[in-house]
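Biologist: Please take one part of the chain and examine it closely, then work outward from there until its surroundings are clear. I should like the reasoning behind each assignment of burial or exposure to be stated.

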Amino acid sequence: MAKTLIAYFSRADENYFAGAMRYVKVGNTPADTFKIEMETPYSPVYMTCIDEAKKDLRAKARPALVSMPDSIDEYDTIVLAYPNYWGTMPMAVFTFLEAFDFTGKTILPLCTNEGSGMGSSERDIKRTCPGATVKSGLPITGSNAADSMSSVKRWLSANGLL
Ligand SMILES: Cc1cc2nc3c(=O)[nH]c(=O)nc-3n(C[C@H](O)[C@H](O)[C@H](O)COP(=O)(O)O)c2cc1C
């Protein structure tokens, strides 16, 4: 049976843009969720976090995660939700993607942002997961995330998940 995993990265704490996307809910479709969480999280202070994330991007860092799913074999679709950090995904999302073989799986990227849209994240996911089908992503304005349910539903629906 087709099964969906929602994997997401989100940072609480101080947020200059008041972005509020925490995770997506897939209506009535049963889905497991996995939080991509760094062992050493970025600073709760926004400007410090910005610097730390930029350093990680420049260093092509792969921050260690608190945990990993044992396997993603049972999932055929992965909804991957993350904020735009410096034009792409947080490096921790790369850590997650590089840990598994996504061959034959479908990835639906959802990127919250404050103006940069998906950035290069779709391209970066395709490069990191060469065997996966990467669908056209959904950019969401983070500070308006609470009002984005209808576009999230439309996008999930268009991809056969609702
Ligand atoms: C380290 C960092 C870098 C960011 N870089 C960008 C960026 O390049 N472009 C953009 O539009 N928004 C950028 N943002 C804003 C976030 O993408 C936006 O606030 C997002 O909704 C945060 O999601 P979260 O609250 O779920 O963590 C950045 C935020 C942080 C903390």
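Modeller: Threonine 40 counts as exposed because 8 other C-beta atoms lie within 10 Å, and a residue is exposed if 12 or fewer do so. The model is a predicted one, and the values that follow are computed from it. Threonine 40 belongs to the loop that runs between strand E2 (31–35) and helix H1. Although threonine 40 and alanine 64 are 24 residues apart along the chain, their C-alpha atoms are separated by 7.6 Å.

The helix that follows this loop, H1, covers residues 46–58 and has 13 residues. From its first C-alpha to its last, H1 reaches 18 Å, close to the 18 Å expected at 1.5 Å a residue. After H1 comes lysine 60, which sits in the loop between H1 and E3. Lysine 60 has a positive phi, near 50°, and is not a glycine. Most residues other than glycine have a negative phi. Lysine 60 is classed as exposed because it has 8 C-beta neighbours inside 10 Å. A positive phi is also found at tryptophan 86, about 55°, again in a residue that is not a glycine. Tryptophan 86 is placed in the loop between E3 and H2, and it counts as partly exposed because it has 16 C-beta neighbours inside 10 Å.

Between these two loops lies E3, and here the surroundings change. Seven of the seven residues of E3 are buried. Thr77, Val79, Ala81 and Pro83 point one way from the strand, while Ile78, Leu80 and Tyr82 point the other way, and all of them are buried. In a regular strand the side chains alternate between the two faces of the sheet.

E3 has pairing partners in E1 and E4. With E1 it runs parallel, joined by five bridges, and threonine 4 has threonine 77 of E3 as its bridge partner. With E4 the pairing is also in the parallel sense, over seven bridges. Alanine 81 is bridged to leucine 110 in E4, and tyrosine 82 stands opposite cysteine 111 in E4. E4 is itself mostly covered, with seven of its eight residues buried.

In E1, isoleucine 6 counts as buried because 23 C-beta neighbours lie inside 10 Å. The C-alpha atoms of isoleucine 6 and alanine 31 are 6.7 Å apart in space, with their places 25 residues apart in sequence.

These strands contribute to the largest nonpolar core, which has 36 residues. Leu80, Tyr82, Val93 and Ile107 have the most contacts inside this core. At least two of its residues come from each of strand E1 (4–8), strand E3 (77–83), helix H2 (91–98), strand E4 (106–113), strand E6 (138–141) and helix H4 (149–158). H2 supplies the largest share, six residues. Beyond its neighbours within four places in sequence, leucine 80 touches Ala7, Ile107, Leu108 and Pro109.

Helix H3 (residues 121–128) offers a view of burial on a helix. Its buried residues are Ser121, Glu122 and Ile125. These buried residues line one face of H3, because they fall within an arc of 100° when seen down its axis. An α-helix has 3.6 residues a turn, so residues three or four places apart point the same way. The exposed residues Arg123 and Arg127 are carried on the face of H3 turned away from its buried side. Among the elements that cover the buried residues of H3 are H2, E4 and strand E5 (133–134).

The setting of these parts is a protein chain with four helices and six strands, which follow the pattern β-β-α-β-α-β-α-β-β-α along the sequence. Of the 162 residues in the chain, 35% are buried. Contacts between residues at least 6 apart in sequence join residues at least 24 apart in 81% of cases.

As to confidence, the chain averages a pLDDT of 90, and 90% of its residues score at least 70. Over residues 20–28, however, pLDDT stays under 50, and the model has 28 contacts beyond four places in sequence for that stretch.

Conventions: Residues are numbered from 1 along each chain as its sequence is written. This is a predicted model: local features need pLDDT of at least 70, side-chain atom pairs count only at pLDDT 80 or more; totals for chains, interfaces and linings use all residues. The expected span of a helix is 1.5 Å times one less than its number of residues. A nonpolar core is a set of buried Ala, Val, Leu, Ile, Met, Phe, Trp, Tyr and Cys residues joined through C-beta atoms within 7 Å. A residue is buried if 20 or more other C-beta atoms lie within 10 Å of its own, exposed if 12 or fewer, and partly exposed in between; C-beta atoms are placed from the backbone. Two residues are in contact if their C-beta atoms, placed from the backbone, lie within 7 Å. The arc is that of the directions from the helix axis to the C-beta atoms. pLDDT is the predictor's confidence in each residue, from 0 to 100. Two strands pair if DSSP finds at least two bridges between them.
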